[in-house]
Amino acid sequence: MKKILITGALGQIGSELTMKMRDIYGNDNVIASSRSAKDGSEKVVKAGPFEIVDVTNPQQIADAVKKHKIDTVINLAAILSAVGESKPNLAWDVNMGGLVNILEVAREFNTAVFTPSSIAAFGPNTPKINTPQDTIQRPTTMYGVTKVSGEILCDYYHQKFGVDTRGVRFPGLISYETLPGGGTTDYAVEIYYKAIEEGKFVCPLSKDTRMDMMYMPDALDAIINLAEADGSKLEHRNAFNVTAMSFTPEDIFASIKKQMPDFEMTYDVNDTLQNIADSWPDALDDSAARKEWNWNPKYDLDAMTKDMLEKLKIKLGK
Ligand code: NAD
Ligand code: AKB
């Protein structure tokens, strides 16, 4: 990777990935983009090259790729699960329409494409525990439909047109820099803010709802390490299961309570979120990623809690 375009760069992942990639590849070699400069992280817009790219507009993608002689597109523009259930047409247009546009530009200009998939690509009849790399995928959300379709479409562009497509199935990501964009796993970020700001949290999922999760530093490593991996060693190019931990609301509450003994949590279950969470796996088998490109996350739940609380206290001035 020498010249990188990041779409959806002002969101939860992009705001951190852009800064990390600029450190590694050079400030001018990582071009951040979004539909509007007001989509999120101001820091990213001010710190280096930025382009307006709406992924539903193929010309804007092609113009940015041509102008900056891009060799790799990291496609983070998306509508996440909870917002996608309230706006399914928008989720289809951005997640699938945007991806088709990016793949077509990649085919024309010979760029690599990295697009994250999600645990949402699985559904209620997928094995829940130790969810295999290759298994039943019948998601019941529009977000999940776009994610499984995107995995298959990226495989197709690789097989048919030789486009270097890659991706991982991320679990819920936890971070302190930029708030998540409207997903089902967002509670696992909000809980830390509320612990520090109010000492209590009302959880929208039931106490035994188990899902895979990951701390952002591991997620950034996953993207960079897979994008840099030797392509000839990859069998599952576009849909690697990756996970770092699997926990319930009770587990994350207990982890925070170890550091903040007065922290309290109650429940007010949101049925839409609960139905989505119940349709997703409990714990993925990520052995293919470990074998094919040495995936090896560093943070478990308690290590993440310690770091999140330290960093958020500084951010929130507490
Ligand atoms: P996010 O919602 O925080 O950021 C997405 C960004 O895309 C937003 O800034 C939004 O303004 C922008 N965007 C929306 N429509 C656009 C359009 N038409 N053109 C250009 N930009 C547009 O999402 P994220 O958490 O950073 O997720 C990035 C990718 O990772 C997505 O594909 C998502 O499905 C995947 N993923 C994220 C998680 C997670 O927990 N954050 C988990 C699994 C997979
Ligand atoms: C969401 O909850 O929608 C995302 C995801 C797991 O894809 N965080």
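Mentor: Domain bounds here come from an automatic or database domain assignment. This is a predicted model, in which local features need pLDDT of at least 70, side-chain atom pairs count only at pLDDT 80 or more, and totals for chains, interfaces and linings use all residues. Residues are numbered from 1 along each chain as its sequence is written, chains are lettered from A and ligands numbered from 1 in the order in which they are written, and side-chain values use heavy atoms, with hydrogens and water left out.

Trainee: How far apart do the C-alpha centres of domain 1 and domain 2 lie?

Mentor: They are 25 Å apart. Domain 1 is 4–171 + 214–241, and domain 2 is 173–211 + 245–281 + 298–316.

Trainee: Why is ligand 2 said to lie between domain 1 and domain 2?

Mentor: Both domains give residues to the shell around ligand 2, so the ligand lies between them.

Trainee: What makes the pair of Glu-177 and Lys-43 a salt bridge?

Mentor: A salt bridge is a side-chain nitrogen of Lys or Arg within 4 Å of a carboxyl oxygen of Asp or Glu. For Glu-177 and Lys-43 the closest N and O atoms are 3.1 Å apart, so the pair fits the rule.

Trainee: What makes Tyr-143 a polar contact of ligand 2?

Mentor: A polar contact is a pair of N or O atoms within 3.5 Å; within protein, one must be able to donate a hydrogen and the other to accept it, and residues adjacent in sequence count only if both atoms are side-chain atoms. An N or O atom in the side chain of Tyr-143 is 2.7 Å from an oxygen atom of ligand 2, so it qualifies.
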